[in-house]
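Reader: I should be grateful for a close look at one side chain and its partner. Please then extend the account to the other parts of the structure, stating the cut-off behind each term.

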Amino acid sequence: MNNPICWFELPTVDIERAVRFYESVFAVTLRREVCGGHPMAIFPYAEPQPSGALVQMPQLAPRDNGTLVYLNGGEDLNLVLERVKAAGGEVAMEKTSIGEEIGFIALFVDSEGNRVGVYSRH
């Protein structure tokens, strides 16, 4: 197994609001799908890299204290964190070094109430 991650799902209460939030924060376009009758918005990716989606399903609820997913924060986490605030999210942990050779992380709470991490090498 080269990479244990193959897919992730972030639950939403209002998928349209969540899509606007993530598209604004990461400056990307999410692909809309329906799976099993449930709306999804898939994060962009290049094969064979893994990806994930925002999902709206009655059996899934956003959480700020559950599993923590880290998304690629690009070259500067401060830019992402500024966009989180502008999009109505909350910064839960500012950009923090996790070691000179490793990089930086930060945490935010999205429009739905999920706690999400971002990672950057610099």
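Author: Lysine 95 is partly exposed, with a relative accessible area of 27%; here buried means under 20% relative accessible area, exposed over 50%, and partly exposed in between (1.4 Å probe, protein chains only). The model is predicted, and local features need pLDDT of at least 70, side-chain atom pairs count only at pLDDT 80 or more, and totals for chains, interfaces and linings use all residues. Residues are numbered from 1 along each chain as its sequence is written, and side-chain values use heavy atoms, with hydrogens and water left out.

The partner of lysine 95 is aspartate 76, and their side chains form a salt bridge of 3.8 Å, N to O. The term denotes a side-chain nitrogen of Lys or Arg within 4 Å of a carboxyl oxygen of Asp or Glu. Aspartate 76 is likewise described as partly exposed, with a relative accessible area of 28%. Side chains of opposite charge can pair when their charged atoms come close. Lysine 95 belongs to strand β6 (residues 90-97) and aspartate 76 to the loop between β5 and α2, so the pair ties together parts that are 19 residues apart in sequence. Helices (H or I, at least four residues) and strands (E, at least two) are DSSP runs, numbered from the N terminus.

The structure holds five salt bridges. Among them is one between glutamate 16 and arginine 32, whose closest N and O atoms are 2.9 Å apart. Because glutamate 16 sits in helix α1 and arginine 32 in strand β2, this pair ties together parts that are 16 residues apart in sequence. Glutamate 16 is partly exposed at 37% relative accessibility, and arginine 32 is partly exposed at 45%. A further salt bridge, of 4.0 Å from N to O, is formed by the side chains of glutamate 94 and lysine 85; glutamate 94 is partly exposed, with a relative accessible area of 44%.

Arginine 31 is also found in strand β2, and its relative accessible area of 42% makes it partly exposed. The side chain of arginine 31 makes a polar contact with the side chain of glutamate 33 at 2.7 Å. A polar contact is a pair of N or O atoms within 3.5 Å; within protein, one must be able to donate a hydrogen and the other to accept it, and residues adjacent in sequence count only if both atoms are side-chain atoms. Not counting residues up to four places away in sequence, arginine 31 touches Met40, Ala41, Ile42 and Tyr45, where contact means heavy atoms within 4.5 Å.

Aspartate 110 is a charged residue of another kind of setting. Aspartate 110 lies in the loop between β7 and β8 and is buried yet has no salt bridge; the nearest side chain of opposite charge, arginine 17, is 7.7 Å away. In that comparison Lys and Arg count as positive and Asp and Glu as negative, while His and the chain ends are not counted. The side chain of aspartate 110 does make a polar contact with the side chain of tyrosine 22 at 2.7 Å. In addition, a polar atom of the aspartate 110 side chain lies 2.8 Å from the backbone nitrogen of glutamate 112.

The strands flanking this loop form a hairpin with five residues between them, and glycine 113 in the turn has a positive phi of about 105 degrees. Strand β7 (residues 104-109) pairs with β8 in the antiparallel sense over six bridges, and leucine 107 stands opposite glycine 117 in β8. Strand β8 (residues 115-120) also pairs with β5 (residues 70-72), in the parallel sense over three bridges; two strands pair if DSSP finds at least two bridges between them. Within this parallel pairing, asparagine 72 has tyrosine 119 of β8 as its bridge partner.

The largest nonpolar core has 24 residues, and Tyr22, Phe26, Phe43, Leu54, Leu71, Phe108 and Val118 touch the most other members. Elements that each supply at least two residues of this core are β1 (7-11), α1 (15-26), α2 (77-86), β7 and β8, and the largest share, seven residues, comes from α1. Such a core is a set of buried Ala, Val, Leu, Ile, Met, Phe, Trp, Tyr and Cys residues joined through side-chain atoms within 4.5 Å.
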